[in-house]
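Colleague: I'm new to this one, so could you walk me through it? Let's put it up and go piece by piece.

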Amino acid sequence: MDETRVALIGIIVSDDGAAEKINAVFHDYREYIIGRMGLPYKERGISIISITMDAPQSVISAVAGKLGMIKHVSSKTIYARLPE
């Protein structure tokens, strides 16, 4: 098995219609997701989601790539610096 990394993917959704596609990605990779938090920001008409993962680099990249292809969704990934 590949070495895993801990990562946080921050996601901003500007159209609620994207929720089904986003949730499908989360479902496909649920075994790697440590936690998830979603906050609706009604005043701005957006939702903010954070996903914490422990997964091989290739899986984290796949999730980020699939999210980035969804219309009205932007995301950014940061990685933990863990002690060796």
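Colleague: Over how many bridges do S1 and S3 pair?

Modeller: Keep in mind that this is a predicted model. S1 and S3 pair in the antiparallel sense, and one example is Val6, whose bridge partner in S3 is Asp54. The number of bridges for this pair is 10.

Colleague: And which residue in S4 does Ile9 stand opposite?

Modeller: S1 also pairs with S4, again in the antiparallel sense, over seven bridges. Across from Ile9, the residue in S4 is Thr77.

Colleague: Which strands stand at the edges of the sheet?

Modeller: The sheet is open, with four strands in the order S2-S3-S1-S4 and antiparallel pairing. The edge strands each have a single partner strand, so one side of each is left without a neighbour in the sheet. Those are S2 and S4 (73-79).

Colleague: By how many degrees are neighbouring strands turned against each other on average?

Modeller: This one ignores direction, so to speak, and looks at neighbouring strands of this sheet. The average is 15 degrees.

Colleague: What is the bridge partner of Arg36 in S3?

Modeller: Look at where S2 meets S3: they run antiparallel, and eight bridges join them. For Arg36, the partner in S3 is Ile51.

Colleague: Which strands does H2 touch when it packs on the sheet?

Modeller: The direction of H2 makes about 160 degrees with that of S3. The strands it touches are S1 (4-13), S3 and S4.

Colleague: Is H1 roughly parallel or antiparallel to H2?

Modeller: The axes of H1 (residues 19-28) and H2 (residues 57-68) come within 10 Å and cross at roughly 170 degrees. Angles over 145 count as roughly antiparallel. That makes H1, relative to H2, roughly antiparallel.

Colleague: Which residues of H1 and H2 make the contact?

Modeller: By class, the contact has five nonpolar, no polar and one charged residues. On the H2 side you'll find Val63, Lys66 and Leu67, and on the H1 side Ile22, Val25 and Phe26.

Colleague: Last topic, the largest pocket. Which element gives the largest share of its lining?

Modeller: About 160 Å³ of space lies in that pocket. Of the 13 residues that line it, the closest to its centre are Val13, Ala19, Arg36, Ser47 and Ile49. H1, S2 (33-41) and S3 (46-56) each supply at least two lining residues. The largest share, four residues, comes from S2.

Colleague: How many charged residues are in that lining?

Modeller: Sorting the lining of the largest pocket by class gives seven nonpolar and three polar residues. The charged ones number three.

How values were computed
Residues numbered from 1 in each chain as written. Predicted model: local features only at pLDDT ≥ 70, side-chain atom pairs only at ≥ 80, totals over all residues. Heavy atoms only, no water. Axes fitted to C-alpha atoms, helices over the stretch in contact; angles between N-to-C directions. Parallel < 35°, antiparallel > 145°, perpendicular 65-115°, else oblique. Contact = heavy atoms within 4.5 Å. Nonpolar A, V, L, I, M, F, W, Y, C, P; charged D, E, K, R; others polar. 1 Å grid on protein atoms, 1.4 Å probe; cavity = no way out; pocket = protein on both sides within 12 Å on 5 of 7 lines; lining within 4 Å. Points joined across faces, edges and corners; volume = space filled by probe spheres on them. Pairing = 2+ DSSP bridges.
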